[in-house]
Structure formats: C-alpha cells, structure tokens
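Morning, everyone. Please pull up the model on your screens, and we'll walk through a few places in it.

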Amino acid sequence: MATTPGILTDWPWKPLGSFKYVLLAPWAIHSSYLYFNGDEEKRDLGYFLIFPFLLVRMLHNQIWISLSRYQTAKGSKRIVDRPIEFEQVDRESSWDDQILFNGLLLYMGRMALKRSENLPFWRMDGVVMTALLHAGPVEFLYYWFHRALHHHFLYSRYHSHHHSSIVSEPITSVTHPFAEHIVYFLLFAIPLLTTVLTETASIVSFSLYVMFIDFMNNMGHCNFELVPKILFIIFPPLKYLIYTPSYHSLHHTQFRTNLSLFMPIYDYIYGTWDKSTESLYESSLSRAKEVPHVVHLSHLTTPQSIYHMRLGFAAVASKPFATKWRLSLLWPFTCLSVIVTCFFGRTFVSERNTFKALKLQSWVLPRFNLQYFMEWRREAINNMIEAAILDADKKGVKVLSLGLLNQGKELNEYGELYIQKHPKLKLKLVDGSSLAAAIVVNTIPKGTTQVLLRGHLSKVAYAVANALCQMGLQVGTLYENEYQKLKSKITTSSNNLIVTKITTHKIWIVGDGLEEFEQLNAPKGTIFIPFSQFPPKRLRRDCYYHITPSMKVPSCFENLDSCENWLPRRVMSAWRMAGILHALEGREMHEVGETMLSLEDAWKASLQNGFIPLEISSSSF
C-alpha cells in the first residue's frame, strides 16, 4: 500500500476475492459459443483466443517467478542481497489483477471497435508499426509519466506502493495501484489502437506485443543478471536500446535514476542514468553460486505440495499448507509434475536464509511421502539422499540436517547409514531428534502429572518418555507391547511407566499411527501434542491440537517469506532448527543413529539463540 493511498488505489473487484475471474466468464463463454456454434461470418478466432491468451500470460509469469526464486536461492548472478519477507509477498499477491484487467479491456475493445473483428493471423506491416510506436511514443511518454510518479504528490499516493519492494521479483513489475494500471494500459494501447484503426493489426502483432511487455517486465525485476555480455560487445549501441535486470534494480535501490521503461536511451538523454550501472552489471554477471554453512534436506509431501514450495505459487507458499480445491483444478499439470519428478527429478535448492553469520539453504528431494513407504523405492531414495550429502560435503557445507522422512529407522537408521558408508565426511549430519524431544517435553503444561503416549514409537518418542519419567510424570500407554519397548529404553526407574486401558488423560503425546477411534475416545478438552514430523488428523472440535515440534524464529532471521509445510509464518520445525543450532554451537559430532544430545542442552541452545517457544494457550486446559 502507498504511504497515503490516493483514489482508485484498490482494484474494483477486490471484494470478490478469488471469485474475481467470474467477470471473464460471460465473455469467454460468448466467444467460445460463436467460434464453435456460430455461422462462418460470426466466427472470430481473435475473439476466441483472448481467454486462452490470458492463461498463457499467467503461465509465462509463473515460470518467471519460479525461475527467479530458484536462481536467487542458489545465489549465482544475484543482484540485491536484501531479504524478502511475508509483507512483500502479501502486497504482491494480486499480480494477476492486471491480466484480468487487460482481458476485460480487450473483450470490450473488440465489441466496441468494428475494425477489431476477424483480425488476420499475421501482417508484417502491423508488427513493424507496433515496434516503431513502442520505441517512440510509448517509451517517451512512459519515461515522463514515470518521472512524474516520483514527484512527492504522486509518489506518496501511488508509486510508493511499487517501490515498497526494494528487492524485486518478477511479479513486482505489475504491483501497482489500479489508477497507475489505467495509465499504463492507455500507453500500451497506443500501438494496438493505431494498428486497429489503420487496419494493419493482426492476432500475432497483438499477442507478440503483450508478451514482449510481460517478458521485459519480468526480466527487469527478476533480481538476477541474465543478459549475456557478448551482446553488448558485438553491438555496443545495444545498451541504449535494452535494459538489463541490474539496470532496473538500481532504480529500486536508488529511486531517482534509471527511470526508462525498457530502453535506457531516455535516461542517457535526460541525465537520469545511474553511474554505477555498468559496474553492478559486471559484478552481478560474474557472481558465483553461494556456498551455505547449513543445508536442510527436505522432500515433497503430497502432489499439491509442488505449489506450496517457495518455487511454486508465492501466495500459497506464504500460508500454512492445506489441500485446496482450487489447486485440484490443476490436476493435469499436477499429474505431469508427479511423473516428471518420479523419473527425472533431482535434488534442488528451494530457499535461502541468513541468520547471524550463517548462510542457510533448503534443498528439496523430488519425492513424495507415498514413495518413502514403498519398500522397493527405499534404495533409490537413499541413493538420492546420499548423493545430496556428498554434494554438500564437496561444496564445503558445514552441517546438513535431515528433514521429514529423509531420516527414519527403516530407511537409514536415522541417518547412521551414511556415516557408516562415508566415515570421512567433513560435514556434520543431524537428524534433529534431540531438539524435537526437548521441545515436546517443554511444551507440556506446567503442573501436569500424567500423560498418555500414543503412536508409532520412534527415537523421539523414547527420548520424551525417558525425560518425562525422570521428571516424575506418569507416562501411560495403551498396549503391552509398547510398554515393553518403552521400558527397555528407560535409563532410570521405570515405575512411572504404566499400561492403562482407561483414557482419562488430558495430555496426549502422539505420533504417526494414532488411530481414529483412539482420538474419538479421548476425553473432551484433551490436548494432543505431536512428537512426529507430521501432524495428526484433526477429528475433534472439542480438543486442542498443538503443532508439530517447532519454535518461532528470531526477528533477525532473514529472507523467510514462505511457510514450512503446515507450520505458521516464521515458525520452524525442530529438525530444521537443529542443523542451525549445531552450526552455531560449533558441535563437532554427528547427531544421527542412536546418538542423542542432552535435552536440556538442546533446549537451552535454542533459547540462547533467540528461538521462541510456542506455548499452549491457557484457555485450552
């Protein structure tokens, strides 16, 4: 939002929310009906193609978003190092409004202008005229309009909304108030209207021009340099005719320089060219990939999780993961993505963060939950995890933490398999069990005297049970076989460990394998505290479900603009935290296999480094 928002700041269909696309329905239905069921005279290919063209534009923009986020996460050729936070993601989440706006205007223009009906597919003179009109009137008028927008009156009411994003992403290019977009459309309509009125317009000239604007806008705001230097060596005047991402990035950091649209010549003519343009271009182009200190190795969960990644849909990734019916409409693309990742996918960088002096990255294994439970897939998955570990070790990574199902008893003995195969690993491998157990123990409300432990027993579950028995809490379990397994792991007196058939406990420590009937038999007001990587299914409205072991990150933790799976904003899982704390504390051993740190030490380290506990609300018990 601008500093002091002016009139026509919000889009008129803002109250419609996600249903704003209904506005296009009458036009799309009408154009389709005429094309497929109308007579030959009323069949208009250009009119019919408007709606598919809008979808292509959305796909084109999304490709740029994903590419930019992937490239800047790796670090190579990155221009600006400042962080992107949730506030920017929220502000830019309506980037598709301008496509909807353009679509409505194209439909209305076709209905209002008789000469826009039945446009030919191709006309060379129309393409040439469009290019000349853009290079002349459009670029010139845009330059002076842009300069006017930087006057205090207009800047504070409108353009400051766009400049709130100092670190730009492709969608930053279209994040403007509604009033600005009206003027931009009028400018870009100059070539379109002129070619229509002179009867030189064609479907290709329209689509190429709009896609050219989208391409240049996205490129200029992508925050990594991709225009090769060889182009300027072969043809030096090119620097006056085409801008680069680093060129426009200076406008977002310096504000009053590099004001041109796509052609820097007007900055050179009117003295607004930034003198550091060429040096920033050179330094950005030669920048190497970033080597992180800590890597968190996670994986995809469900097919829809591809959209929740930071490289997916930014607005979706900025909220806790949940299955959405709207994403189900993308099932053809979802199925294709699953097939591609299953056969051709390899580990990739999805996110970068900074915390204190540490550089952090999250890597994603392109495998889904279901595949981890297929015994015949375990060897292939282990090979991928091993390859990622060796790659990180080769690059000089100090610590690698194993997230979600990348560490487990059946899969790799909680990561011990890789240490046995590669005893000379320089990086430290962490499974995060100690911190996860410490968080669970310290989440239990003060004054609690008894808890019920349910779910598949894991390294974390054994550690929690042992710690609670040492603290004098009574730990109950429903089944004799679980009692015997727990008893064998208790290092002190096991008198506090019991088998109970009556579920009167109000505090349940739960993991994977919690049965539905067990939840339904829990007393009203029961507090479910997970010790597992995945949260239990919420079946009861009269009970409280805490989130999986996690803590809120300190305010100095930067570049966090997406949610980690189902966790709230700026909340991090214990398994991801553990690798960071391992590096901060300078620990020299691996934390995998049966190795467990002191739960007290793990808890103190998290608090001393600024992580904030997520307490259970007092109204829950």
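Cys563 is buried, with a relative accessible area of 6%. This is a predicted model, by the way. Now look for a partner for that cysteine. The closest cysteine sulfur sits in Cys556, 19 Å away. That is too far for a bond.

Turn to Cys556. Is Cys556 buried or exposed? Neither, quite: Cys556 is partly exposed, at 41% relative accessible area. Its closest cysteine sulfur is the one in Cys563. A disulfide is a covalent bond between the sulfur atoms of two cysteines. The cut-off here is 2.5 Å between sulfurs, and these two are 19 Å apart, so there is no bond between them. How many disulfides does the structure hold? Zero.

Next stop, Thr500. Where does Thr500 sit? Find the loop between strand S8, residues 497-499, and strand S9, residues 507-510. Thr500 is in that loop. Thr500 is also buried, with a relative accessible area of 11%. That counts as buried because the limit is under 20%. Which residues does Thr500 contact, leaving aside neighbours within four places in sequence? Leu452, Gly476, Thr477, Leu478 and His505.

Last topic: the record. An unreviewed UniProt entry places "transmembrane region" at residues 45-65, 182-212, 224-243 and 329-349. Take two of those. Residues 45-65 are 100% helix and 0% strand. The end C-alpha atoms of that stretch are 30 Å apart. Now residues 224-243. Here the chain is 30% helix, again with 0% strand. The end C-alpha atoms there are 13 Å apart.

Definitions and conventions: Residues are numbered from 1 along each chain as its sequence is written. This is a predicted model: local features need pLDDT of at least 70, side-chain atom pairs count only at pLDDT 80 or more; totals for chains, interfaces and linings use all residues. Side-chain values use heavy atoms; hydrogens and water are left out. Helices (H or I, at least four residues) and strands (E, at least two) are DSSP runs, numbered from the N terminus. Buried means under 20% relative accessible area, exposed over 50%, partly exposed in between (1.4 Å probe, protein chains only). Contact means heavy atoms within 4.5 Å. UniProt positions are given in the numbering used here, feature names are shortened, and annotations may be inferred rather than shown by experiment.
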